[in-house]
Amino acid sequence: MRRVGLINGYAKQVPSGASLVDWYPNNRRITAVEWTFDDGTVVRQDLAEKTKLQRLTIDPVTTSTVQLRLLSVTAPGAGLLGRDYTAISDVLIAGTPAA
């Protein structure tokens, strides 16, 4: 394992009449996570509030499982479209397969 990352929210825009509804600010966004690997390695990743993939390069680790733990999230979205949901739009787990 060499890199992990995620898109920390519901990064989707949906047509609504003549405009778009941006669902990202209308839901909770993740601000920090912990990646845990089966060899005992634990890595914290702090996240910015942006709809792009946020990658973290880590020291090499050999693992067969990865656990993602949410450490903190934003408040629910505000207004009529506000939701009390926490979403992850994408997850990255990159490395070299074991031989």
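The following paragraphs go through this predicted model from its overall make-up to a hairpin and two loop residues.

The protein contains 8 strands and 0 helices. Read from the N terminus, the order of elements is therefore β-β-β-β-β-β-β-β, with helices and strands taken as DSSP runs. Along the principal axes, the C-alpha atoms occupy a box of roughly 55 × 25 × 20 Å. The protein has 99 residues, of which 30% count as buried. About 6,200 Å² of the protein is exposed, and 50% of this area comes from carbon and sulfur atoms.

Contacts and charges can be described for the whole chain as well. Among contacts in the protein with a separation of 6 or more, 70% are between residues 24 or more positions apart. The side chains include 11 positive and 9 negative ones, and 7 Å separates the centres of these two sets.

One local piece of the strand pattern is a hairpin. Strand β2, residues 13–16, runs antiparallel to strand β3, residues 19–22, and 4 bridges join the two. Ser-16 has Ser-19 in β3 as its bridge partner. Between the strands of this hairpin there are 2 residues, and Gly-17 adopts a positive phi near 70°.

Before β2 comes the loop that links it to β1 (3–7), and Asn-8 lies in this loop. Is Asn-8 buried or exposed? Its relative accessible area is 0%, so Asn-8 is buried, the cut-off being under 20%. The side chain of Asn-8 has a polar atom 2.6 Å from the backbone oxygen of Ile-30. A polar atom of that side chain also lies 3.0 Å from the backbone oxygen of Ala-48. Both Ile-30 and Ala-48 appear among the contacts of Asn-8 beyond four places in sequence. The other residues in that set are Tyr-24, Arg-29, Leu-47, Glu-49, Lys-50, Gln-54 and Ala-87.

A second loop residue, Thr-74, sits between β7 (66–73) and β8 (90–94). Thr-74 counts as buried because its relative accessibility is 12%, which falls under the 20% limit. Setting aside residues up to four places away in sequence, Thr-74 touches Asn-27, Arg-28, Arg-29, Thr-31 and Glu-49. Arg-29 and Glu-49 are in contact with Asn-8, and Thr-74 touches Arg-29 and Glu-49 too.

Key:
Residues numbered from 1 in each chain as written. Predicted model: local features only at pLDDT ≥ 70, side-chain atom pairs only at ≥ 80, totals over all residues. Heavy atoms only, no water. Helix = DSSP H or I, 4+ residues; strand = E, 2+ residues; numbered from the N terminus. Buried < 20%, exposed > 50% of the residue type's maximum accessible area, 1.4 Å probe, protein only. Contact = heavy atoms within 4.5 Å. Areas by Shrake-Rupley, 256 points an atom, 1.4 Å probe, with all protein chains shown as cover. Lys, Arg positive; Asp, Glu negative; His and termini not counted. Charge placed at Lys NZ, Arg CZ, Asp CG, Glu CD. Pairing = 2+ DSSP bridges. Polar contact = N/O pair within 3.5 Å; in protein donor to acceptor, adjacent residues only side chain to side chain.
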